[in-house]
Amino acid sequence: MPELPEVEVVRRGLERWVAGRTIEDVEVLHPRAVRRHPAGGVDFAARLRGETVGVPQRRGKYLWLPLAGRDLSVLGHLGMSGQLLVQPADAPDEKHLRIRVRFDDAAGTELRFVDQRTFGGLSLHDNTPDGLPDVIAHIARDPLDPLFDEAAYHVALRAKRSTVKRALLDQSLISGVGNIYADEALWRARLHYERPTATLTRPRSAELLGHVRDVVNAALAVGGTSFDSLYVNVNGESGYFDRSLDAYGREDEPCRRCGTPMRRRPWMNRSSYFCPRCQRPPRVVS
């Protein structure tokens, strides 16, 4: 599933190509693509006609298109394979095209939601006073947000009584970090994924947060991480951070710091990748 860097790359593309444009028509081609809009596809399309798209926004992994002058937003769920593509209006339809948005200008492009696995979709929601779609009001700020409260995060982290990787993936504590970037940040911080959060000192958690930001910014600089053709930006291009990964996906390859073969362990229906020498597991107290 796309994490913060991938979603931010898409958001920037939408800001460039879609912001300020007025919607002429919406075509819903698959009902699952609007299943989070309870009134259905006909209502979704009707309510968007004539609306103008504001500046696309993001919090963590969540992306939305505010409607200018309205307290409404179109929330985009990319799921495992969702893509928001800006395509020439006369380009052939993608095999898994689910929603088409046409605009009333002469730019010659349209917005397409393509989703092979149909886990994603678009939905229309009321905004909170802070401008977030109401269904994501509980999502914490992400580490690149200038209003992210580091002191409050440290207190919440220690109080969570969890393990460090679980805490990094807890979107109510810090948003936008998923499995890939958690493993990368933990490798850089030399922390094992099962390290109890209660053992992290303020300087240690600050160091980890710094590594999270560094990893995310590095991924942003190269367009995110793509392991296949399912994650692409609005122009259909893949990201290249997979070539720079230090931990994730590197089982049995030498650690780039000490040369020890990297390990993979099953973890919460996912995998955790780590160096057994640089990231020693916590001691078990009997």
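Guide: Contact here means heavy atoms within 4.5 Å. This is a predicted model, in which local features need pLDDT of at least 70, side-chain atom pairs count only at pLDDT 80 or more, and totals for chains, interfaces and linings use all residues. Residues are numbered from 1 along each chain as its sequence is written, and side-chain values use heavy atoms, with hydrogens and water left out.

Visitor: Which residues is Asp25 in contact with, leaving aside its neighbours within four places in sequence?

Guide: Arg49, Arg100, Val101 and Arg102. Take Arg100: 75 residues separate it from Asp25 in sequence, yet their C-alpha atoms are 8.2 Å apart. Asp25 itself sits in strand S1, residues 23-28. Strands (E, at least two residues) and helices (H or I, at least four) are DSSP runs, numbered from the N terminus.

Visitor: What makes Asp25 partly exposed?

Guide: Its relative accessible area is 23%. Buried means under 20%, exposed over 50%, and partly exposed in between (1.4 Å probe, protein chains only). So 23% puts Asp25 in the middle class.

Visitor: Why does Gly20 count as exposed?

Guide: Gly20 has 55% relative accessibility, which is over the limit, so it is exposed. It is found in the loop between helix H1 (4-17) and S1. Gly20 still touches Thr52, Val53 and Gly54, not counting residues up to four places away in sequence. Arg70 lies 50 residues from Gly20 in sequence and 13 Å away, C-alpha to C-alpha.

Visitor: How do you know that helix H5 is mostly covered?

Guide: H5 spans residues 179-189, and 10 of its 11 residues are buried. Among them are Ile180, Tyr181, Leu186 and Trp187. Asp183 and Glu184 are buried too. The buried residues of H5 pack against H1, H4 (164-168), H6, and strands S9 (263-267) and S10 (270-274). After H5 comes Arg190, with a positive phi near 60°.

Visitor: Why is H3 called roughly perpendicular to H6?

Guide: The axes of H3 (residues 150-159) and H6 (residues 202-221) come within 10 Å and cross at roughly 115°. Axes are lines fitted to C-alpha atoms, for helices over the stretch in contact, and angles run from 0 to 180 degrees between N-to-C directions. Under 35 degrees is roughly parallel, over 145 roughly antiparallel, 65 to 115 roughly perpendicular, and the rest oblique. Therefore H3 counts as roughly perpendicular to H6.

Visitor: Which residues of H3 and H6 make the contact?

Guide: H3 supplies Glu150, Ala151, His154 and Leu157, and H6 supplies Arg202, Ser205, Leu209 and Arg213. By class, that contact has 3 nonpolar, 2 polar and 3 charged residues. Ala, Val, Leu, Ile, Met, Phe, Trp, Tyr, Cys and Pro count as nonpolar, Asp, Glu, Lys and Arg as charged, and the others, Gly among them, as polar.

Visitor: What makes H1 and H6 oblique to each other?

Guide: Their axes come within 9 Å and cross at roughly 45°. That angle falls in none of the named ranges, so the pair is oblique. Leu4, Pro5, Glu8, Val9 and Arg12 of H1 meet Val216, Ala219 and Leu220 of H6. This contact has 6 nonpolar, no polar and 2 charged residues.

Visitor: How do you know that Cys275 has no bond to Cys258?

Guide: A disulfide is a pair of cysteine sulfur atoms within 2.5 Å. The sulfur of Cys275 is 3.6 Å from that of Cys258, its closest cysteine sulfur, and therefore too far for a bond. Cys278 is in no disulfide either, with the Cys258 sulfur 3.7 Å away. The structure holds 0 disulfides. Cys275 is buried at 0% relative accessibility, and Cys278 is buried at 11%.
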